[in-house]
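User: Could you take a close look at one part of this model for me, the spot where the annotated binding-site residues sit? I'd like to see how that spot is built and what surrounds it.

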Amino acid sequence: MLMRGQIKKGLFMFAALSWLIITGCERQPESYSHTDFAMGTVTNITLYGTGDLEEKEKNIIKEVKKLEDTISWRIEDSQLSKINRELKENNGKAKASGNMKNWISQALQISRDSYCDGRNTVDPTIGALTQLWDFESDDPKVPSASSIQNALQGNLAVNSSQTTIDEEGTITAKNPNTVFDFGAYGKGIGTDVIKETLEKDDDISGAMIALGGSIYVYGEKPDGENWNVGIQTPSKGSGEVLGSISTKGDTFISTSGDYEKYFVDETTGKTYFHILDPKTGYSVETDITSCTIICDSGINSDGLSTACFAMGPEKSQELLKKYNASAIFVDKKNHVYVSGDVDFSLSDKNYKEVSLEEFLKANQ
Amino acid sequence: MKKKDFILIGIVFLIALAGFGFIRWTQHDGTQVIVTVDGEEVYRTDLSKDQTYEIPVEEGTNVMKIQNGEVTMSKADCPDQICRNHAAISQTGETIVCLPHKAVIEITSETGTTELDGITQ
């Protein structure tokens with residue numbers, strides 16, 4: 001009798017265990033994903049880990065909005081707006097404090113390094129020109145030729161090269177036309193700021209942060225696989241995916257394209273997009289339609305994506321090397337060129353991956 | 001062992017199977033379409049249900065249309081019209097965004113393994 005009782009118990013335990021195992025295996029690791037708006041763009045955040053992930057995501061968005069309140073020229077009492085006012089009133093001198101010091105210093109450095117064909121291809125000090133065009137306004141228009149010439153005064157083409165910031169945060173701008181605009185760096189700075197927050201939070205094991213075109217993947221996915229980040233197909237507004245990058249955590253990816261912010265001038269039918277050439281004062285002339293940068297810093301990936309977009313793949317090589325960055329260039333004739341060590345797989349059948357030589361030949 | 005023992009084992013296994021089935025069933029309960037305005041969820045529906053839905057945006061009009069498992073923004077009076085020109089979406093993880101009106105249409109599923117973790121635009 002005793003034996004039978006034991007067998008019975010054993011069988012019951014076995015069955016109970018199998019129930020736990022079968023159902024337990026099906027349980028998904030905790031994750032939370034949310035789409036929101038901040039910094040004038042769409043944010044998409046996915047968090048993996050434990051604890052109140054919804055609350056953590058909210059805090060990250062709050063942080064991004066706080067950053068926007070610091071670095072946006074559109075916000076009147078932001079630190080950047082104060083710096084811009086000070087520069088104007090104080091004969092090209094102003095003071096930056098806290099993180100702003102580092103951001104300005106880094107942005108200026110990237111800008112000086114991006115010099116190519118007589119202009120710095122990305123520049124945080126050409127606000128006089130970018131604000132004149134204001135691609136983010138409801139109804140952007142082509143500015144008058146005279147107002148563009150006005151904005152270019154004081155050698156705006158290489159303005160960052162004549163602007164300095166010292167260790168105390170004192171900014172000295174030679175050109176009285178100097179106005180800061182972090183448009184080409186802001187979202188990258190945002191991902192850098194979020195990286196610090198994530199690293200302080202032991203509850204979060206992995207995360208995907210997208211601030212518009214700037215992405216940061218952090219830590220590990222629950223399945224331990226690489227992160228897959230898609231690149232949007234450049235054709236205007238289609239929203240389709242060109243292909244995807246497979247990468248380990250702690251990677252920053254930013255894309256600049258002529259399809260992001262653009263408008264068509266009604267009288268001439270000409271299309272203008274938001275990446276401006278500080279030498280001509282108009283949209284950059286290039287064979288490139290989209291450039292994606294992969295590297296280990298948000299501000300670098302964001303800044304370089306604008307610079308390399310304007311420079312094209314050949315002239316970008318030195319810059320990419322200096323910042324230890326990889327890049328994916330797409331031209332207007334549907335060629336894709338992958339530069340550096342990046343695991344990219346093309347999925348859009350309308351595009352063709354080619355070598356640098358073929359890419360350059362196609363765009364001669 | 002007696003017949004009763006087998007019955008007991010059988011019952012326990014049935015419970016286990018039922019639990020397994022329940023989890024499967026709830027997880028695969030269709031792919032969902034979620035609509036948010038300024039980050040707040042305003043509507044949730046099944047991708048399999050053909051319908052049109054007027055999104056309650058503050059400024060102007062956005063209308064979502066679901067037909068044969070594909071979602072489009074069929075009407076929008078935003079200045080850039082990017083959402084209206086967006087190709088139809090049908091896969092988990094895909095979105096249509098109307099930036100001027102802060103409206104987002106998202107396709108999600110509880111278990112759906114998204115191929116892409118994010119998209120750089």
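Analyst: Happy to: what follows starts at the annotated residues, moves out through the helices beside them, and ends with the wider setting.

Please keep in mind that this is a predicted model. The starting point comes from UniProt, where an unreviewed entry places the feature "binding site" at A:A184, A:D302 and A:T306. These residues span 123 residues in sequence, yet no two of their C-alpha atoms are more than 6.9 Å apart, so they gather at one spot.

Let's take A:A184 to begin with. This residue lies in the loop between β7 (170–173) and α7 (186–200) of chain A. A:A184 is buried, because 30 other C-beta atoms lie within 10 Å and 20 are enough to count as buried. Leaving out residues up to four places away in sequence, A:A184 touches A:V122, A:D302, A:G303 and A:T306. Two of the annotated residues, A:D302 and A:T306, are therefore among the contacts of A:A184.

A:D302 approaches the spot from another element, helix α8 (residues 298–322) of chain A. A:D302 also counts as buried, with 33 C-beta neighbours inside 10 Å. Setting aside neighbours within four places in sequence, its contacts are A:A184, A:Y185, A:K187, A:G188, A:S214 and A:S254. Of these, A:K187 and A:G188 belong to α7(A), where they take part in the meeting with α8(A).

That brings us to the helix pair itself. The axes of α7(A) and α8(A) come within 7 Å and cross at roughly 165 degrees. This angle makes α7(A) roughly antiparallel to α8(A), and α7(A) passes α8(A) in a right-handed crossing. On the α7(A) side, the residues that meet α8(A) are A:K187, A:G188, A:I189, A:G190, A:T191, A:D192 and A:K195. On the α8(A) side they are A:G298, A:I299, A:S301, A:D302 and A:G303. So which residues here do double duty? A:D302 and A:G303 do, since both meet α7(A) and both touch A:A184 in the loop.

Helix α7(A) has another partner as well. The axes of helix α2 (residues 53–71) of chain A and α7(A) come within 10 Å and cross at roughly 135 degrees. That makes α2(A) oblique to α7(A), and this crossing is right-handed too. From α2(A), the residues A:I60, A:E63, A:V64, A:L67 and A:I71 meet A:G186, A:I189, A:G190, A:V193, A:I194 and A:T197 in α7(A). A:I189 and A:G190 appear in this list of contacts with α2(A) and also in the list of contacts with α8(A).

Helix α8(A) also ties the spot to the interior of the protein. The largest nonpolar core has 106 residues, and A:I209 and A:C308 touch the most other members. The largest share of this core, nine residues, comes from α8(A). Not counting residues up to four places away in sequence, A:C308 touches A:C291, A:I293, A:S316, A:L319, A:L320 and A:A327.

Another buried residue of chain A is A:G127, found in helix α5 (residues 127–133). A:G127 counts as buried, with 22 C-beta neighbours inside 10 Å. Beyond four places in sequence, A:G127 touches A:W73, A:N84, A:V179, A:F180 and A:D181. The last three, A:V179, A:F180 and A:D181, fall in the stretch between β7 (170–173) and α7 (186–200), where A:A184 lies too.

For the wider setting, chain A comes to nine helices and 19 strands, and its C-alpha atoms fill a box of roughly 105 × 50 × 40 Å along the principal axes. Buried residues make up 45% of the 364 residues in chain A. Among its contacts between residues at least 6 apart in sequence, 60% join residues at least 24 apart; the contact between A:A184 and A:D302 is one example of residues brought together from separate parts of the chain.

Chain B, for its part, has two helices and eight strands, and 27% of its 121 residues count as buried. Among contacts in chain B between residues at least 6 apart in sequence, 27% join residues at least 24 apart.

Conventions. Residues numbered from 1 in each chain as written. Chains lettered and ligands numbered in written order. Predicted model: local features only at pLDDT ≥ 70, side-chain atom pairs only at ≥ 80, totals over all residues. UniProt positions renumbered as here; feature names shortened; annotations may be inferred. Helix = DSSP H or I, 4+ residues; strand = E, 2+ residues; numbered from the N terminus. Buried ≥ 20, exposed ≤ 12 C-beta atoms within 10 Å, placed from the backbone. Contact = placed C-beta atoms within 7 Å. Core = buried A, V, L, I, M, F, W, Y, C linked by C-beta atoms within 7 Å. Axes fitted to C-alpha atoms, helices over the stretch in contact; angles between N-to-C directions. Parallel < 35°, antiparallel > 145°, perpendicular 65-115°, else oblique. Left-handed = near helix turned anticlockwise from the far one by under 90°.
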